[in-house]
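User: Please take a close look at one part of this protein for me. I am a first-year student, so explain each term as you go.

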Amino acid sequence: MSRRMRIYYYAVLGALGGLFGWQIVEGLGFVGGQNVYLSDALLGGAIGLSVGLLIGLAEGWMSRSLLRALRAGLISGLFGLAAGVIGLPLSEWLFLTIGQFLGVEAVGRVVGWAFFGLLLGLVQGVTGGTQMWKGALGGLIGGIVGGVILELTRNLLGDPLVGKALGLVILGGCVGVFIALIVVLLSRAWLEVSAGKLQGTEFILDKFMGLKSPAAFIGSSVLKCDIALTDPEVESQHAQLKGAGTHFMLEDHSLKKGTFVNGKRIQVHRLSNQDRIQVGDTELIYRERR
């Protein structure tokens, strides 16, 4: 998906995650139980699992590979489950503690939702190409905005369960929007597929740019590569991107096909903004923001 479409999909998937999580727990009869922390742990786990799973599936599906989508969805869903189980009970505790301390319950609730959003934001860095702190920042902001809207919604609705259900949908949407928005606004480097089967898809490279960061492989293998291309002319591990702190070095790893930059075959090349990379029948444009 493109970076702009990422914002739309994350908003929709975040809202659906909130709705699905609520429906799962309500269907099991755990909502509103006597043990509020157990109820919140189950609800948070269900929401985190739903949001993480859906976002992971979307991240994997952009390579148009069912296997990669399922793998990314499973990993992201499990991390989201853990974040939710920890985050929502802690949010409830923060609400009770801060609300009593300040004498304003709404402030405590917003702080609690902000913390919950922060943990969910960390999940995005698991399967995406961005640094985890950017997802966490987006989740934090989304939690604050969603928490404020949630409190306003609760005051307008007489039924607390309906208010919480609607609020969770809004909260999930806000967290999704701001995670994607912060990631897009703060992206330092990305690859845009300008020709080939994945034309229009963008791969964010931020978490690979650091000097001590892991290398990113470009190729056709969904299990061995960070940037998987559905191109029969691309080898399983065709090329490697290695971060040098401020830029990337591109190294050819193909056996026969070769890697080309701006029309010239390379073995090792320092990438500059707007460089055109050709692997197989796929062309990618390297873009960076200073």
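Analyst: What follows starts at one acidic residue and then moves to the charged pairs and the surface.

First, the ground rules. This is a predicted model, in which local features need pLDDT of at least 70, side-chain atom pairs count only at pLDDT 80 or more, and totals for chains, interfaces and linings use all residues. Residues are numbered from 1 along each chain as its sequence is written, and side-chain values use heavy atoms, with hydrogens and water left out.

Start with Asp-231. Asp-231 sits in the loop between β4 (227-228) and β5 (239-243). Helices (H or I, at least four residues) and strands (E, at least two) are DSSP runs, numbered from the N terminus. Asp-231 is buried, yet has no salt bridge. Buried means under 20% relative accessible area, exposed means over 50%, and partly exposed lies in between (1.4 Å probe, protein chains only). A salt bridge is a side-chain nitrogen of Lys or Arg within 4 Å of a carboxyl oxygen of Asp or Glu. Lys and Arg count as positive and Asp and Glu as negative, while His and the chain ends are not counted. Which side chain of opposite charge is nearest to Asp-231? It is Lys-197, 6.7 Å away.

Asp-231 has other partners. A polar atom of the Asp-231 side chain lies 2.8 Å from the backbone nitrogen of Glu-233. Setting aside neighbours within four places in sequence, Asp-231 is in contact (heavy atoms within 4.5 Å) with Ser-220, Val-279, Gly-280, Asp-281 and Thr-282.

Now follow Glu-233. Its side chain meets that of Lys-257 in a salt bridge, at 3.0 Å from N to O. This pair links distant parts of the chain: Glu-233 is in the loop between β4 and β5, and Lys-257 is in the loop between β6 (248-252) and β7, 24 residues apart. Glu-233 has a relative accessible area of 32%, so it counts as partly exposed. Lys-257 is partly exposed too, because its value is 41%.

Next, the other charged pairs. Side chains of opposite charge can pair when their charged atoms come close. A search of the whole structure finds 4 salt bridges. One of them joins Lys-134 and Asp-206, at 2.5 Å from N to O. Lys-134 is in helix α5 (residues 132-156), and Asp-206 is in the loop between β2 (202-204) and β3 (216-219), 72 residues apart. Lys-134 counts as buried because its relative accessibility is 2%. Asp-206 is buried as well, at 3%. Another salt bridge joins Glu-283 and Arg-276, at 2.9 Å. Arg-276 is partly exposed, at 40%.

Two loop residues deserve a look at their backbone. Asn-262 has a phi near 55 degrees, a positive value in a residue other than glycine. Asn-262 lies in the loop between β7 (259-261) and β8 (264-266). Gln-274 has a positive phi as well, near 80 degrees. The loop that holds Gln-274 runs between β9 (268-270) and β10 (276-279).

Last, the surface. A nonpolar patch there includes Val-36, Tyr-37, Trp-93 and Leu-96, and its residues together have about 970 Å² of accessible area. The elements giving two or more residues to the patch are α2 (36-61) and α3 (66-102). The largest share, 8 residues, comes from α3. Patches are made of residues with over 30% relative accessible area and no salt bridge; like charges are joined within 9 Å, and nonpolar side chains (Val, Leu, Ile, Met, Phe, Trp, Tyr) within 5 Å. Accessible areas come from the Shrake-Rupley method with a 1.4 Å probe, and for residues only the protein chains shown count as cover. Val-36 is in helix α2. Val-36 is partly exposed, at 32% relative accessible area.

How values were computed:
A polar contact is a pair of N or O atoms within 3.5 Å; within protein, one must be able to donate a hydrogen and the other to accept it, and residues adjacent in sequence count only if both atoms are side-chain atoms.
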